[in-house]
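Thanks for squeezing me in, everyone. Let me put the sequence and the structure up on the screen, and then I'll walk you through a few spots.

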Amino acid sequence: MLPAPHFSAFNPPRRILMGPGPSDVYPEVLAAQARPTVGHLDPLFVGMMDELKSLIQYAFQTKNEMTMAVSAPGSAGMETCFVNLVEPGEKVIVCRNGVFGERMRQNVERVGAIAVVVDNEWGTPVDPAAVEAALKANPDAKFLAFVHAETSTGALSDAKTLCALAKQYGCLSIVDAVTSLGGVELRVDEWGIDAIYSGSQKCLSCVPGLSPVSFSPAAVEKLKNRKTPVQSWFLDQSLVMAYWTSAGGKRSYHHTAPVNALYALHESLRLLAGEGLENAWKRHQDMHLVLRAGLEKLGLKFVVAEASRLPQLNAIYIPEGVDDAAVRARLLKDYNLEIGAGLGALAGKAWRIGLMGFGARRENVALCLRALEEVLN
């Protein structure tokens with residue numbers, strides 16, 4: 001028999017999380033997660049799930065019946081949309097202007113479908129003209145997939161225009177809103193978004209591990225009329241929906257839901273609803289402007305032009321001659337402050353500073369600016 005290991009309890013320090021995610025978690029959300037665990041079919045928990053569904057619908061601004069939280073992080077939300085809707089041999093226009101557009105392409109090819117990639121330069125939004133050209137050149141395309149808020153660069157694309165193009169050319173839209181939900185304007189029904197997914201750990205300031213998703217009636221119809229089974233049993237929404245919605249509050253067992261994490265998501269969305277979506281969007285923008293002014297005084301330059309810049313994810317170029325890893329390590333050691341490294345084409349060239357959810361507040365901005373000034377000097 002192996003000897004029993006002996007470890008102390010894990011007690012992490014209090015970090016200020018200003019990277020690309022996870023973000024600082026609301027104290028109320030941490031407290032909610034510590035509440036007593038009940039069964040995932042308990043009548044009281046089922047009632048909370050109904051409230052949670054309504055809260056997700058509010059955050060997405062949708063009346064879609066098929067709206068829920070996938071019991072896994074945003075990457076599983078992405079896969080949920082692709083495996084449920086896209087079938088082998090179908091053609092998908094995929095917009096790629098960063099890391100997560102590339103992950104969309106990989107999802108398309110893993111289900112045996114055909115990805116037609118529309119590339120845009122890193123740090124720029126998706127170009128609607130290039131998308132329309134691809135749609136015209138591929139009249140047999142079934143889907144248009146794009147990232148609303150590209151976390152790897154901090155670029156915000158025009159989801160309203162892109163979804164209108166999808167409709168014009170007879171495509172369903174699949175939208176990544178992992179970093180946009182709760183941080184910038186997002187209106188699922190008004191913009192005609194067909195399938196959308198997000199994550200709990202960004203602007204919702206919840207614990208990581210859950211992915212809010214929503215499917216339009218047209219997307220549900222596509223799912224119901226599949227010629228092939230959904231390749232993932234766990235992510236098959238036709239099965240999961242019977243757990244999230246059924247007559248008289250009775251739920252069909254599908255999987256053991258992460259009960260306490262769902263408490264946390266309920267609390268974070270309740271706080272968002274209390275603040276009001278438009279107030280939350282404005283708060284993120286206001287804090288971005290404060291941060292921008294301070295960074296410009298330090299001579300730091302943004303990767304993304306102001307017109308298409310995400311207020312909650314600020315990518316800035318690393319000054320020439322500055323050691324990327326050494327700066328981030330010192331911020332963590334001396335200030336308990338985390339900022340993010342660059343990804344992909346921006347690795348070693350940029351830092352990503354998050355202003356998400358509970359983290360989008362003046363004291364965080366002031367700390368970040370002071371710490372950067374001291375470390376860089």
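So, to start: where does D323 lie? It's in the loop between β11 and α12, the helix that covers 324–335. One caveat before I go on: this is a predicted model. D323 comes out as partly exposed, because its relative accessibility is 47%. Its side chain reaches the backbone nitrogen of A325 at 3.2 Å. And if you're wondering about the other end of the chain, P13 is 310 residues away along the chain from D323, with 25 Å between the two C-alpha atoms.

Okay, the sheet next. β11 belongs to an open sheet of 3 strands, in the order β11-β14-β13, with antiparallel pairing. The edges are β11, residues 313–317, and β13, residues 340–341; each has a single partner strand, so one side of each has no neighbour in the sheet. Between β13 and β14, which is residues 350–354, there are 2 bridges, and the two strands run antiparallel. If you want a residue to click on, take G340: its bridge partner in β14 is R352.

Staying around β14 for a second, let's talk rings. How many aromatic pairs does the count give? It comes to 2. One of them is Y26 with F358, and that pair is tilted, at 5.1 Å centre to centre and 45° between the planes. Why care about where they sit? Y26 is in the loop between β1 (16–17) and α1 (27–33), while F358 is in the loop between β14 and α13 (362–376), so the pair ties together parts 332 residues apart in sequence. Y26 and F358 are both buried.

That β1–α1 loop has something else for the geometry people. P22 is in there too, and the peptide bond from G21 to P22 is cis, with omega near 5°. As a reminder, most peptide bonds are trans, and most residues other than glycine have a negative phi.

Which brings me to the backbone angles. Q61 isn't a glycine, yet its phi is positive, at about 60°. Q61 is in the loop between α2 and β2, and with a relative accessible area of 28% it counts as partly exposed. S205 is another non-glycine with a positive phi, near 50°. You'll find S205 in the loop between β9 (195–197) and β10. Is S205 buried or exposed? Buried, because its relative accessible area is 0%.

Now back to α2, residues 43–60, which is where F60 sits. F60 is buried as well, at 0% relative accessible area. Setting aside neighbours within four places in sequence, its contacts include L181, L186, I196, P212 and V213. With P212 there's a gap of 152 residues along the chain, but the C-alpha atoms are separated by 9.0 Å.

On to helix α8, residues 217–224. Which of its residues are buried? A219, V220, K222 and L223. Yes, there's a lysine in that list. Looking down the axis of α8, those buried residues fall within an arc of 160°, so they line one face of the helix. The general logic is that an α-helix has 3.6 residues a turn, so residues three or four places apart point the same way. On the face of α8 turned away from the buried side you get the exposed residues P217 and K224. What covers the buried ones? Among the elements are β2 (66–70), α3 (74–85), β10 (211–215) and α9 (237–244).

From α3, I'd pull out N84. N84 is buried, because its relative accessibility is 0%. Its side chain reaches the backbone oxygen of L235 at 2.8 Å. Beyond its neighbours within four places in sequence, N84 is in contact with L223 of α8, and also with F215, R226, V230, L235, D236, Q237 and S238.

Last thing, cysteines. The disulfide count comes to 0. For C163, the nearest cysteine sulfur is that of C95, 10 Å away. C206 is in no disulfide either; the nearest cysteine sulfur there is that of C203, at 13 Å. C163 counts as buried at 0% relative accessibility, and C206 is buried with a relative accessible area of 0%.

That's my tour, so over to you.

Conventions: Residues numbered from 1 in each chain as written. Predicted model: local features only at pLDDT ≥ 70, side-chain atom pairs only at ≥ 80, totals over all residues. Heavy atoms only, no water. Buried < 20%, exposed > 50% of the residue type's maximum accessible area, 1.4 Å probe, protein only. Helix = DSSP H or I, 4+ residues; strand = E, 2+ residues; numbered from the N terminus. Arc of directions from axis to C-beta. Contact = heavy atoms within 4.5 Å. Pairing = 2+ DSSP bridges. Disulfide = S-S within 2.5 Å. Polar contact = N/O pair within 3.5 Å; in protein donor to acceptor, adjacent residues only side chain to side chain. Phe/Tyr/Trp six-rings, centres within 6.5 Å; stacked < 30°, edge-to-face > 60°.
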